[in-house]
Amino acid sequence: MRLVVIGVNHKTAPVVLRERLALVGDDVNIALKQLEAFTDGSVIVSTCNRTEIYALVPQLVESQDVPSMSANGAVGAQTSSAAISDHILKIKAWLADFKQLSLSEIDPYLYVHRDTHALTHWLRVAAGLDSMILGEPQILGQIKRSVQLAQEQKALSNQLGWIIDQVFAAAKRVRNETQVGAQAVSLSYAAAKLVTQIFDDLPSRTLLVVAAGEMNRLVATHIAGLGVGRVIICNRNPERAEALAVELRRAGHLVEVRPLQELPQVLAEADIVSSCSGSMDVLIDKTMTLRALKHRRYQPMLMIDLAVPRDIDSTISRIDDVYLYSVDDLQHVIAGNIEQRRQAAVDAELLVSQLVVEMDRSFQVRQVGKDIQQYRAHTQDQVDKLLHESIAKLQQDNASPEDIIIELSRRLTQTLTHAPSKLMRKAAREGDSELLDFVVSGLQEAHRGRR
């Protein structure tokens, strides 16, 4: 298949080295252009947890006059193992030079996968099976963006594009046919899952975000992305609140920023509350909540308290129409979900193995068609050359048509039998009786079929 993967991830390299090897921004475009010198197409995937180069190494022809024949009988250009190793070394050396590091410094941390092993790795990555958080879906989107960048730089060959299509289709099957990504395993994602379990008319709902730190930013992004109609941000620091508001507005959400002192009034407008401040005091107490419920005519409220110490009075959980979840409640849910994902990962790994076999067979069928087409074209060129030479001889005054036809027949026989004869001699020299029997029986079958 000529596919290779070279890279580092969170399992093989410390974060300090991953940061130094990261390829982002203009680096990616420059790198893709430089990789053209010794690859037949490449894709660069670089995230906080990995930097990987997926590439096709160039195809090498054993002989210029006669195409070679593969072990399964397919005829076409073959790439030697030594040549692939040479190109892998070139890519490693290029990466070290590009990042101004020594190869000896990074080589112990680099992993290399080839052919079907490379395909298996790519599919595992795309399906979230190689992620720090098992089954996380973001990596597939990151790979798609990486492929888009490669397309924009015209760094994809037809063959690499075909492989990518197969990987995306297979990753989709893994996620659809197993439960590896079904359960929430992050606090922000778990919070979003709770929202969908309690409310089904999200466009009519309002999310109140109390404090605009990183955790609430993730929660707000997840929940707003579900389609809630409005987001209200209450924060002590107005600049930080406005920065989060701008981010959410860019994504098309309706967002308001209110000062934290207005929290008692704003609470009545909220169907969903996510609070995660650094306050040592309770921000939402029982009295405030009862007043808000009365104003809301006791419509249900979901409250998510991700703060430690807690922002929301724990006794509120005993109030009807209020669903209160603390960080401990969500962590308990996540722990169970992680175990379920691990069990589902067994099914996912089995499916990956099955899909890689199917993809490899599809590739072989696709490739042998090209090999046959190439072999036939090469043979036809030789036949046409011999025919034109014979016609030219026939046009000479002293030409003997019988001798010319006999000579043409002899040369055609040599041309058509050269490749299989060469393969049989090679199989005999190397003691490959299985290949020898395959070729001989195939030729005999073809001979009988012409009778």
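Two strands count as paired if DSSP finds at least two bridges between them. With that in hand, here's a quick tour of this predicted model. One open sheet has six strands with parallel pairing, and another has four strands with antiparallel pairing. There is also a nonpolar core of 65 residues, plus a second, separate one of 30.

**The parallel sheet**

- Reading across, the strand order is β7-β6-β5-β8-β9-β10.
- The edges belong to β7 (255–259) and β10 (322–326), each of which pairs on one side only.
- Ignoring direction, neighbouring strands here are turned by 15° against each other on average.
- Zoom in on β5 (residues 206–210) and β6 (residues 230–235): they run parallel and are joined by five bridges.
- Take Val209 as an example: its bridge partner in β6 is Ile233.
- Helix α9 (residues 214–225) packs on this sheet, where it touches β5, β6 and β8 (272–275). The direction of α9 makes about 175° with that of β5.
- Helix α10 (residues 238–250) packs on the sheet too, touching β5, β6 and β7. For α10, the angle to the direction of β7 is about 170°.

**The antiparallel sheet**

- This one goes β2-β3-β1-β4.
- Each of β2 and β4 (111–114) has a single partner strand, so one side of each is left without a neighbour in the sheet.
- On average, neighbouring strands are turned by 15° against each other, again with direction ignored.
- Strand β1 (residues 3–9) runs antiparallel to β3, and seven bridges join the two.
- Within that pair, Asn9 sits opposite Arg50 of β3.
- Helix α2 (residues 26–35) packs on the sheet by touching β2 and β3, and its direction makes about 150° with that of β2.

**A loop residue worth a look**

- Thr47 is found in the loop between β2 (42–46) and β3 (50–56).
- Thr47 counts as buried because its relative accessible area is 16%, and the cut-off for buried is under 20%.
- Not counting residues up to four places away in sequence, Thr47 touches Ile139 and Gln142.

**The nonpolar cores**

- In the largest core, with its 65 residues, Trp122 and Ile143 touch the most other members.
- Setting aside neighbours within four places in sequence, Trp122 is in contact with Leu3, Tyr54, Ile143, Leu160, Ile163, Ile164 and Val167.
- The second core, separate from that one, has 30 residues, including Leu194, Ala224, Ile272 and Val327.

Conventions: Residues numbered from 1 in each chain as written. Predicted model: local features only at pLDDT ≥ 70, side-chain atom pairs only at ≥ 80, totals over all residues. Heavy atoms only, no water. Buried < 20%, exposed > 50% of the residue type's maximum accessible area, 1.4 Å probe, protein only. Contact = heavy atoms within 4.5 Å. Core = buried A, V, L, I, M, F, W, Y, C linked by side-chain atoms within 4.5 Å. Axes fitted to C-alpha atoms, helices over the stretch in contact; angles between N-to-C directions.
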